[in-house]
Amino acid sequence: MEIHRCRFVSYPASAINAVAFSHSSLPQAKAKKSQKHIQVRLAIGRANGDIEIWNPLNGVWHQELVIPGGKDRSVDGLVWVTDTDEETSDGKTIHGRSRLFSIGYTAAITEWDLEKAKPKKHASGQHGDIWCFAVQPPLTNKNGAPQPGPRKLVAGTVDGNLVVYSIEDDDLRFVKTLMRTPSKNTKMVSIAFQSRNIVVVGCSNSTICVYDIRNGTLQRQMTLGSDHAGGSKNIIVWSVKCLPRGDIVSGDSTGQVCIWDGKTYTQAQRIQSHTQDVLSLAVSADGSRIVSGGMDRRTVLYEPRAGQVGRWSKVFHRRYHTHDVKAMASFEGRGMSVVVSGGPDASPVVFPFRSAGKENHRTLPHLSQNTNLQSAPKARLILSWWGNEIRIWHLLNPARRLLDEAPAGTDIRKNRKLLAQILVKGESNITSAAISEDGTLLVTSTATEVKAFQLEYTKTSGVGQLNIKKIHLTASGQGATRVEISPDKLWVCWIEEGSKVMVARASSTTSTTGFEYAISEPTKLRRFQRHIPKNISLGGLGSYDRQVTQVAFSPDSKMLCVADLAGYIDTWIFGVTGGRKSSTNGEDDNGESDASSSDSSDEESDPGESERWYRNPKAPLFPKLDASPVALTFSPGHHQDDGDYTLLAITNSKQVLLFNPIRGALAEWTRRNTYMKLPEQFRITRDLVKGVVWQGPRAWIYGASFLFMIDLSQDLPDVAKDRVKDAQAKGTKRKRDGLEAGAGGKMAKGESLAAQQLRVATRPDGTEWADVEMADADDQRSVGASSAFEDDDDDDTDGGELQRLRDDQANNEDDTGKEQKSSKWWHTYQYRPILGIVPLADTQQANGGGVKGITNGIPPLEVAIVERPTWELELPMRYFSDGERER
């Protein structure tokens with residue numbers, strides 16, 4: 001594989017302003033079977049207006065959805081409202097419905113429709129910008145169990161108002177202003193409920209106020225005094241939390257964490273644990289732990305002092321972030337006990353709560369799970385997008401030509417050229433984009449519309465230029481979450497409202513002035529109806545998991561496949577239906593029957609043709625995947641005797657599944673190569689798969705921090721036969737223990753990091769030398785990658801210069817044996833963090849020069865690996881404490 005290692009493709013990271021779990025804890029009394037269908041999610045709000053929905057999955061941490069922001073939007077606060085559970089007459093439990101609300105330093109509160117991935121409602125009142133808000137706790141019975149009842153949102157504003165919003169009957173509306181502070185300079189900065197009717201508000205004037213929301217009266221005002229000498233006159237209370245027994249915890253601009261008695265409202269303790277402002281707090285469900293995050297990058301853990309009721313002590317502090325720790329949220333349940341924090345460094349950090357000090361933390365990728373990157377291989381174009389901007393790059397020469405023919409001193413940067421920058425008009429940011437393989441058709445989508453562009457590359461006086469022309473698109477007036485173009489450029493598919501599959505035909509006409517594209521009116525393809533129990537569909541997040549996250553066309557563009565978060569796969573075939581119209585009858589997932597939606601049946605063709613899109617007759621045979629698919633792609637070409645396709649699906653649980661979709665069956669390779677036969681390095685890698693690039697039967701699978709190759713034409717080695725190699729792999733620095741509390745693995749006994757396995761020898765003079773054992777997969781050199789931009793000198797996968805010399809000698813002695821021997825799998829961690837990997841093709845080969853360099857029936861592969869290192873992020877200025885400097 002020949003690699004262009006690219007770091008010039010921009011992808012600006014956005015600061016994390018808010019973090020919130022849909023459930024802070026799951027009661028231990030509930031049976032595991034009852035907890036199974038509770039849909040716990042983490043919401044992350046960013047400064048660019050994006051909202052990310054993560055599924056903890058007992059430590060897997062799958063980013064399921066990203067709702068893009070828009071122009072001048074920001075998410076600065078998030079609150080989940082989860083209703084109480086209900087019991088049905090047949091004894092089943094309907095778990096409480098979860099709703100997500102946000103603020104953005106405006107006068108409005110927004111509710112989000114997660115099923116359609118767009119805003120659902122907005123509400124505002126006659127008040128200033130909202131800086132903080134919280135949801136009223138539910139009613140409880142005598143035993144403390146939550147009961148159904150009305151709940152409200154209470155918000156604090158920049159002009160000192162405390163306002164109430166109603167969320168009853170699935171609505172969102174402004175109700176009234178509870179109270180107004182006498183001083184207009186007083187800002188309400190933080191808020192938390194002490195009980196159902198008592199709310200605690202942290203202000204910017206060195207006070208913490210306690211209000212009764214039933215009548216808006218001030219119950220108590222607690223004063224923090226003045227700031228340190230030389231500091232501000234007023235102390236800002238950036239965060240307040242309430243412990244289960246009623247005590248109040250506050251973090252302020254002096255770097256102090258204060259504990260307040262919940263009955264007398266007097267200060268019980270003051271802890272100076274930060275050198276600068278305390279910006280965020282989190283408390284455990286049982287009130288036995290407190291965590292604070294500050295502007296000094298510290299994350300500090302506190303626990304009660306033994307034998308001293310109401311007294312707390314600092315246990316330890318760490319610096320997990322490279323910038324301010326601005327937001328925090330905790331979750332406990334299902335064996336997990338974690339705190340998730342975020343800030344301007346854009347990367348969420350997960351660290352253990354209950355097992356703090358015994359387990360490692362984990363930094364989640366700051367890059368999106370869905371790759372914002374595509375390529376036009378035949379034109380050697382790279383397409384990237386973020387916000388409302390699209391960029392198109394051209395890589396002029398193949399990597400092999402740069403390595404073999406470029407003279408010494410050649411500037412490698414001249415091999416790339418930025419051809420175009422496209423700004424998509426509108427208030428919404430781009431959700432997805434796609435480009436045809438020959439680089440002539442570009443389709444992009446936002447939350448409100450789908451747009452198409454015609455691209456024409458011309459050369460004038462030796463200078464390349466890309467001409468862009470907008471294509472009229474007769475869409476339904478909806479936006480889309482995903483778009484895809486078929487390999488033959490005849491079809492454009494996009495997903496409306498998260499789950500509606502739309503297909504439109506793209507046709508081109510040639511004239512004396514050039515060619516011109518036209519895209520027909522889209523047609524809806526109906527998905528196979530799935531029977532989901534009512535107690536599940538009516539509770540939790542509803543039909544959120546029916547969102548389509550993966551779309552793939554077959555190599556000949558005759559089959560379309562989609563998959564959703566629930567693990568369901570739907571396929572359609574383009575061709576003559578052969579009287580199979582009855583296979584499309586019945587209701588779709590949205591409950592629409594043929595009688596009510598005859599104008600949007602799953603069939604699209606010209607009136608004079610009999611070919612159309614129809615549902616795959618074997619669709620009912622597709623099993624529901626045990627986990628959400630994170631990659632879905634067709635193998636290039638037909639590899640079956642009957643002409644069936646090979647469909648590869650990889651789930652967030654690292655299952656690698658091959659299907660034959662026309663037969664609706666698992667491929668024989670999957671039956672022979674079960675999950676436990678997959679390489680252990682692949683199974684224990686924490687980051688999820690982001691995409692797949694094909695090289696004949698070889699699937700190059702990549703994530704944010706890894707690149708794996710699995711040859712699907714060969715069976716993987718048996719685990720028992722490779723027991724020795726697996727034992728050696730345990731000594732590599734990549735190996736970690738299994739998950740415990742949902743963050744990192746266990747720390748080694750007595751150490752924070754596991755020691756590497758060493759081989760020690762003694763020289764005649766008594767001195768010692770050590771060789772680090774770095775075992776890896778067999779025969780890695782035969783599939784090694786050559787990089788055009790950097791030397792391929794990763795010792796983890798190569799074994800060093802001595803091993804290279806030995807390999808070269810062995811290769812010269814027996815070239816025939818090398819050709820017959822082919823690696824079954826290979827991996828490297830050399831490239832990170834990976835934004836995406838896209839294939840490229842030599843233009844001379846694509847224009848009739850033939851495919852060169854085929855080895856053992858495997859064609860050559862040229863790719864561009866786009867990396868976005870964290871040290872290249874443009875971060876704002878941060879605070880430096882005494883004696884601290886930037887490393």
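The following exercises, each with a worked solution, concern strand pairing and nonpolar cores in a predicted model.

**Exercise 1.** Determine whether strand S47 is enclosed or open to the surroundings, and describe its pairing with strand S48.

*Solution.*
1. Strand S47 covers residues 548-553. A residue counts as buried when its relative accessible area is under 20%.
2. By that criterion 6 of the 6 residues of S47 are buried, so the strand is largely enclosed by the rest of the structure.
3. S48 spans residues 559-564, and 5 bridges join S47 to S48 in an antiparallel arrangement.
4. Within this pair, Gln550 lies opposite Ala563 of S48.
5. The two strands make a hairpin with 5 residues between them. Ser557, in the turn, has a positive phi of about 65 degrees.

**Exercise 2.** State the strand order of the open sheet that contains S40, and identify its edge strands.

*Solution.*
1. The sheet has 4 strands in the order S38-S39-S40-S41, with antiparallel pairing.
2. Strand S38 (430-435) and strand S41 (463-471) are the edges, since each pairs on one side only.
3. Neighbouring strands of this sheet are turned by 25 degrees against each other on average, direction ignored.
4. Strand S40 (residues 450-460) is joined to S41 by 9 bridges, and the two run antiparallel. Phe453 faces Lys470 of S41 across this pairing.

**Exercise 3.** Identify the largest nonpolar core, the strands that supply it, and the surroundings of Val689.

*Solution.*
1. The largest nonpolar core comprises 23 residues. Leu648, Ile650, Val689, Val692, Ile701 and Ile710 have the most contacts inside it.
2. At least two residues each come from strands S51 (629-634), S52 (647-651), S53 (656-660), S55 (689-695), S56 (698-703) and S57 (707-711).
3. Of these strands, S55 gives the most, with 3 residues.
4. Beyond its neighbours within four places in sequence, Val689 is in contact with residues including Gln369, Val630, Ile650, Phe682, Ile701 and Phe706.
5. A second, separate core has 19 residues, among them Trp61, Ala327, Ala329 and Val350.
6. As general background, nonpolar side chains in soluble globular proteins tend to be buried together.

**Exercise 4.** Locate Val350 within the sheet that contains S33.

*Solution.*
1. This open sheet has 4 strands in the order S30-S31-S32-S33, paired antiparallel.
2. Its edge strands are S30 (327-333) and S33 (362-363), each pairing on one side only.
3. S32 (residues 349-352) pairs with S33 in the antiparallel sense over 2 bridges.
4. In that pairing Val350 stands opposite Arg362 of S33. Val350 also belongs to the second core of 19 residues.

Notes: Residues are numbered from 1 along each chain as its sequence is written. This is a predicted model: local features need pLDDT of at least 70, side-chain atom pairs count only at pLDDT 80 or more; totals for chains, interfaces and linings use all residues. Side-chain values use heavy atoms; hydrogens and water are left out. Buried means under 20% relative accessible area, exposed over 50%, partly exposed in between (1.4 Å probe, protein chains only). Two strands pair if DSSP finds at least two bridges between them. Axes are lines fitted to C-alpha atoms, for helices over the stretch in contact, and angles run from 0 to 180 degrees between N-to-C directions. A nonpolar core is a set of buried Ala, Val, Leu, Ile, Met, Phe, Trp, Tyr and Cys residues joined through side-chain atoms within 4.5 Å. Contact means heavy atoms within 4.5 Å.
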